[in-house]
Structure formats: structure tokens, C-alpha cells
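Please open the model in your viewer and keep the sequence panel visible. The stops below say what to select and what is there.

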Amino acid sequence: MSADQVFHARSEGIPSEGVKDQYADGKAARTWNKFIGDSNQRTQNYKDFLIGLLKKNGCKTVLDTACGTGIDSMMLVNEGFKLVSVDASDKMLKHALKARWEKRKDSKYDEWIIEEANWETLSRDIESFLPGTQFDAVICLGNSFAHLLDEYGDQRVQKMCLRNFAKCLKPGGLLFIDHRNYDAMIDSGATPGHSIYYNCRYPVDIKTSVLVVGGKPQLVALDYCITDEANKETSEFRLCYYPHKLAKFTEMLDEAFDNSAKHHIYADFKPLSEVPVPGFYIHVLEKARN
Ligand SMILES: C[S@@+](CC[C@H](N)C(=O)[O-])C[C@H]1O[C@@H](n2cnc3c(N)ncnc32)[C@H](O)[C@@H]1O
């Protein structure tokens with residue numbers, strides 16, 4: 001039995017058919033930018049890392065496969081990259097579309113493409129609005145990939161989606177993908193509220209629950225509570241994640257690229273040796289050129 005059959009991953013009232021959009025009730029989408037905090041501070045943490053590698057590899061076109069409210073995409077558009085930003089959640093996309101509208105007088109934003117797409121059908125979805133396009137880089141950041149749970153108990157859908165990411169890349173292109181340090185979270189049973197990505201200025205409490213099915217951790221539920229005392233507002237939402245262990249996720253990624261990609265792993269955007277217990281692991285794969 002898969003984890004989301006025994007546990008309510010989504011809020012009630014959300015259909016269980018089609019794309020499993022954990023943001024469909026609008027609660028997390030409404031609060032997301034507050035949770036991220038000051039976007040300049042957030043992006044500064046990894047801007048130099050990401051832009052440095054993109055430029056070093058001559059990347060110009062980037063597909064953001066989990067653009068959410070658009071934070072990473074906007075950082076890259078500002079730096080002159082050509083962005084195609086997709087997400088499966090219309091509630092999240094609504095915020096990205098609003099952000100683009102607010103930038104309509106800035107010509108850098110004229111060519112920013114925002115569309116709905118799902119990782120399971122990614123190439124087909126992209127083909128429908130940009131036929132025959134492959135990208136210099138694909139990004140899937142902010143612990144996004146872990147949103148995809150394991151319906152069948154053998155990670156087949158996750159593997160297929162990783163292959164879809166590889167297909168969207170030109171030969172020599174780069175994939176950036178990350179996940180929280182689930183090895184440490186499962187050991188400690190705790191999730192830090194602040195991290196390289198999230199600098200919320202309000203107190204953030206995250207309750208961590210780990211669901212073990214058949215002796216294997218299959219799902220981590222994070223119940224977020226953000227308290228804005230000045231405005232007497234409390235935002236609460238739950239997101240559920242597949243707890244990717246570093247070793248297994250590394251293997252799945254290599255397989256998605258037919259074991260022919262160069263694969264580097266970073267800890268909170270630094271060399272692994274510098275951060276003994278990172279909050280996030282970031283994988284960078286370079287697709288083979290032949
Ligand atoms: C944690 S948010 C991160 C958004 C953004 N990258 C950030 O860091 O702020 C994860 C995003 O992944 C999207 N997502 C989850 N599953 C998806 C899927 N199967 N296909 C496309 N997007 C998906 C969600 O809708 C959500 O916007």
C-alpha cells in the first residue's frame with residue numbers, strides 16, 4: 001500500500017484524480033512569499049552559485065520546472081537569461097503571472113514565458129507551446145521534486161519525471177535539482193524553519209511527521225505555522241513530501257541520464273566537505289554531449 005493511501009496528503013475537498021496539486025486550496029500559495037521572506041536575501045544565498053555555473057557553461061535558455069510564485073525565474077530573468085517557467089498548480093502560477101504583469105514596463109520581462117505543465121507529461125506539455133525546444137538548463141529547486149509522492153511503492157513515476165527533465169535538456173545542458181536533507185530529518189524528527197531558501201521574518205514553526213510504510217519512510221508531512229503578530233494573522237498549511245535519501249536519489253538521477261552525465265552534489269550550495277549536516281542537497285548534472 002502506498003503512503004498517500006493511508007495518509008491524507010492533501011486538504012479535504014481536493015479531487016484525488018489528475019495532478020495532485022497540494023497547493024489547490026490556495027492556503028500555501030497565499031502565504032508562500034511571506035514564508036520565503038525577503039526575496040533578495042533568499043536569492044542572494046544561491047544567486048552567485050547558480051548564475052556562476054550557468055554562465056560558465058554558456059547557458060542562455062532555462063526551463064524552471066517548478067516556478068511556483070516565480071522567485072527563481074525572476075532572479076534569472078533579471079540577469080538576462082531567457083526563461084520558460086512552468087508549474088502544475090494554477091494557484092501558484094497565478095502569483096507568477098501577477099509578478100510578470102507588475103514588471104510589464106521592464107523589457108527584460110517581455111519574453112518571459114509562463115505556462116502550466118506537469119513533470120509527468122513535461123515534454124508533451126512544452127511541445128504544445130514551444131515545439132522542438134530543448135534548453136541549456138533545467139531547474140527544479142526549493143525542495144519541489146519531493147512533492148511527488150510514490151503512488152506505486154517503486155518510485156516509477158519519480159524516475160519517469162527525472163527522465164523527462166533529462167529529455168528537455170540539450171546535449172551538454174545542466175540540470176539543477178535539490179531536496180531537503182531527509183536523512184537528517186528522519187533521524188532527528190525535526191525540520192529547521194529557516195534555511196538557505198526561507199528567511200521568513202515571522203516566527204515559523206514546522207511540525208514534522210514521518211510516515212513509515214512496510215518499514216520504509218514513505219512520506220514526511222510538514223505542518224507549517226507562521227505567526228504575524230503585528231497583523232494578528234496566523235497562516236497554517238500542510239505539505240507532504242517523499243523523503244528522498246541522498247544515496248538513492250543520486251542513483252535515480254544517474255539512471256535518468258543513462259549513467260552518462262557528470263554529477264556533482266553540493267551541501268547548501270557549498271562543497272559537501274564544508275557543511276557536515278546541510279539543510280539541502282543540490283545536485284547538478286551535465287548531460288552527455290554525444
Ligand atoms: C515548494 S514550491 C517551490 C516553488 C519555487 N521553486 C520556490 O522555490 O519558491 C513547489 C512547486 O512545485 C510544483 N509541483 C509539484 N508537483 C509538480 C508536478 N508534478 N509538476 C509540476 N509542478 C509541480 C508545485 O505546484 C509548487 O509550485
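A residue counts as buried here if 20 or more other C-beta atoms lie within 10 Å of its own, with C-beta atoms placed from the backbone. By that criterion, 41% of the 290 residues of the chain are buried. Keep in mind that this is a predicted model.

Start with the whole chain, coloured by secondary structure: the chain has 9 helices and 11 strands. Among contacts between residues at least 6 apart in sequence, 69% join residues at least 24 apart.

Next, select the sheet. Its 8 strands run in the order β3-β2-β1-β4-β5-β11-β9-β10, and the sheet is open, with mixed pairing. At its edges are β3 (113-116) and β10 (270-271), each of which pairs on one side only.

Go to the β10 edge and select residues 262-267, which make up strand β9. β9 and β10 run antiparallel and are joined by 2 bridges. Show Ala267 and Lys270: Lys270, in β10, is the bridge partner of Ala267.

Now add helix α5, residues 90-102. Helix α5 packs on the sheet, where it touches β2 (82-87) and β3. Align the view along β3 to compare directions: that of α5 makes about 165° with that of β3.

Finish at the ligand. Which of the 19 residues around the ligand come nearest? They are Ala66, Gly68, Ala88, Ser89 and Gly142. Colour the shell by residue class, and the residues divide into 9 nonpolar, 7 polar and 3 charged.

Key. Residues are numbered from 1 along each chain as its sequence is written. This is a predicted model: local features need pLDDT of at least 70, side-chain atom pairs count only at pLDDT 80 or more; totals for chains, interfaces and linings use all residues. A residue is near a molecule or strand if its C-beta atom, placed from the backbone, lies within 6 Å of it. Ala, Val, Leu, Ile, Met, Phe, Trp, Tyr, Cys and Pro count as nonpolar, Asp, Glu, Lys and Arg as charged, and the others, Gly among them, as polar. Two strands pair if DSSP finds at least two bridges between them. Helices (H or I, at least four residues) and strands (E, at least two) are DSSP runs, numbered from the N terminus. Two residues are in contact if their C-beta atoms, placed from the backbone, lie within 7 Å. Axes are lines fitted to C-alpha atoms, for helices over the stretch in contact, and angles run from 0 to 180 degrees between N-to-C directions. A residue is buried if 20 or more other C-beta atoms lie within 10 Å of its own, exposed if 12 or fewer, and partly exposed in between; C-beta atoms are placed from the backbone.
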